[in-house]
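Here is the note you asked for on this model. Please read it with the sequence and the coordinates open.

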Amino acid sequence: MKVTVIGLGKIGLPLAINFARNGATVTGLDQQEDVVRQINSGTEPFPGERDLLFRLKECIANSSLIASTNVEECLSSAEVIVICIPLIVDSDGNPNFENIDRLVNEIGKNMSKGALICFETTLPVGTTRSRFTVDLEAASRFKVGKDFFVVFSPERVLTGRVFEDLQKYPKLVGGVTNECTSKGVEFYTKVLTFDIRSDLSRPNGVWAMRNSESAEFAKVAETTYRDVNIGLANEFAVYASSLNIDIMEVIFASNSQPYSHIHRPGISVGGHCIPVYPKFYTWKNSESQIVTAARARNLDMPFRAVKQIKEEFGDLKELKVGVLGITYRAGVKESAFSGALDLLRYLQNEGVQVFGLDPFYNESEILSFGFLGVANLDELDGVIIHTDHPEFKAIDFESFKNLRFIYDGRRSLTELNDSKILKYLTF
Ligand SMILES: NC(=O)c1ccc[n+]([C@@H]2O[C@H](COP(=O)([O-])OP(=O)(O)OC[C@H]3O[C@@H](n4cnc5c(N)ncnc54)[C@H](O)[C@@H]3O)[C@@H](O)[C@H]2O)c1
């Protein structure tokens with residue numbers, strides 16, 4: 001079976017390799033020539049994906065995978081086309097369809113009769129049918145469900161463990177018509193394998209969904225659930241802080257019975273997924289109340305931290321403050337929608353001299369974000385822990401003579417609550 005995977009990024013490349021290892025002849029299409037060159041020479045174009053390198057080398061060696069930038073060739077020869085490029089969003093998280101629309105138009109113009117088109121890019125509900133299928137029909141003059149087939153099938157994996165997650169979680173497939181769903185299920189059943197799981201309501205495998213909207217919503221819903229849960233935890237934490245309550249003690253206690261699954265509170269929710277997909281849900285949705293409120297709560301946390309510091313110290317002008325941790329979470333080099341950048345902005349507005357520190361970024365990268373430089377703890381008046389990188393745990397904050405406060409945005413250094421030297425603040 002000839003499969004073309006479009007977008008050989010952190011998700012698309014392992015996916016393409018997985019298909020190739022399960023018997024498909026895969027062409028990977030990417031617009032970046034250097035990415036294509038690296039893949040064809042058996043070099044991984046990005047670090048950190050477990051088992052990627054040796055599996056890539058194996059597929060290149062036995063020619064089950066080849067990468068290309070040739071759009072027409074990749075599209076016209078494919079029986080199945082899998083789209084795995086990101087939907088671009090603006091700084092507010094609103095989608096910009098320009099790039100993906102252009103690609104869909106190319107697919108429409110070049111696909112062969114009988115092709116199955118699978119959208120794996122996370123999308124606002126309804127996009128597969130109302131936008132892309134309409135465009136595909138217009139560009140191809142084919143009829144969906146008869147001349148070609150369209151499904152939505154979300155990526156439910158985490159970077160770093162894509163191969164593992166592809167086996168672990170059911171593959172959801174929802175078509176624009178019932179024929180489309182059947183074609184989609186048939187395809188994914190051939191090219192994926194699954195772990196046996198006794199905890200699911202159905203056997204693990206490819207799960208047909210009622211339609212493409214249901215599959216789109218399943219992905220948006222699972223990410224939005226996490227955002228709302230974190231928003232609730234943050235709200236509880238804010239409430240508890242005014243009442244001499246240790247919020248983590250309360251959360252651990254609540255979570256000891258099965259109906260409660262309260263997340264950890266935190267100063268920010270960043271990355272490409274959790275802060276963005278709830279916006280897909282609220283986009284053009286006037287019924288949303290809870291999701292909108294949770295998003296606002298999570299977005300407010302960095303602002304609130306600066307406000308608390310101001311309440312404690314008054315005028316912050318000329319203070320030297322270090323933001324510790326710029327990545328949106330520990331362990332990944334990703335700054336998209338990171339609250340550290342909001343902290344930077346809010347502190348700058350108060351006239352603070354802001355420095356950054358992160359084990360994943362060198363000095364020039366830290367400067368490029370807009371920080372004054374790498375934080376030297378000897379010279380700082382205060383620090384804000386934004387990311388709980390394990391490296392920060394090892395720092396003896398009380399030994400820095402000028403340091404007057406620490407704002408613990410992750411509640412990872414709660415032992416400093418009793419410090420006689422530093423003012424310990426948290427939400
Ligand atoms: N990264 C994650 O943790 C994650 C998790 C679940 C789902 N997803 C979803 O998977 C999708 C892909 O994300 P990713 O992290 O792999 O992105 P990525 O940025 O790592 O890779 C995207 C690739 O697509 C290529 N590309 C972009 N436009 C193209 C075009 N028009 N034609 C050809 N190639 C093009 C880029 O050159 C790049 O190599 C997104 O929709 C994302 O929502 C990502």
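The points below take the ligand site, then two helix pairs.

1. The model is predicted, and the contacts listed here should be read as features of that prediction.

2. The ligand has 20 residues around it, and those that come nearest are Lys10, Ile11, Asp30, Gln32 and Tyr277. Sorted by class, this shell consists of 8 nonpolar, 8 polar and 4 charged residues.

3. Which atoms of the ligand face aspartate 30 and isoleucine 11? For aspartate 30, a polar side-chain atom is placed 2.7 Å from an oxygen atom of the ligand. Isoleucine 11 takes part through its backbone: one of its N or O atoms is 2.9 Å from a ligand oxygen atom.

4. Asparagine 99 is placed with a polar side-chain atom 3.0 Å from a nitrogen atom of the ligand. As for cover, the ligand taken alone exposes 830 Å², of which the protein buries 86%.

5. Helix H5, residues 98-110, packs against helix H6, residues 127-140, with the axes 7 Å apart and an angle of about 40° between them. Angles from 35 degrees up to 65 degrees count as oblique, so H5 is oblique to H6. The crossing in which H5 passes H6 is right-handed.

6. How do helix H1 and helix H3 cross, and at roughly what angle? H1 covers residues 12-21 and H3 covers residues 52-61; their axes come within 10 Å and cross at roughly 50°. H1 and H3 are therefore oblique to each other. Their crossing is left-handed.

Note on methods
Residues are numbered from 1 along each chain as its sequence is written. This is a predicted model: local features need pLDDT of at least 70, side-chain atom pairs count only at pLDDT 80 or more; totals for chains, interfaces and linings use all residues. Side-chain values use heavy atoms; hydrogens and water are left out. A residue is near a molecule or strand if one of its heavy atoms lies within 4 Å of it. A polar contact is a pair of N or O atoms within 3.5 Å; within protein, one must be able to donate a hydrogen and the other to accept it, and residues adjacent in sequence count only if both atoms are side-chain atoms. Accessible areas come from the Shrake-Rupley method with a 1.4 Å probe; for residues, only the protein chains shown count as cover. Ala, Val, Leu, Ile, Met, Phe, Trp, Tyr, Cys and Pro count as nonpolar, Asp, Glu, Lys and Arg as charged, and the others, Gly among them, as polar. Axes are lines fitted to C-alpha atoms, for helices over the stretch in contact, and angles run from 0 to 180 degrees between N-to-C directions. Helices (H or I, at least four residues) and strands (E, at least two) are DSSP runs, numbered from the N terminus. Angles under 35 degrees count as roughly parallel, over 145 as roughly antiparallel, 65 to 115 as roughly perpendicular and the rest as oblique. A crossing is left-handed if the near helix is turned anticlockwise from the far one by less than a right angle, and right-handed if clockwise.
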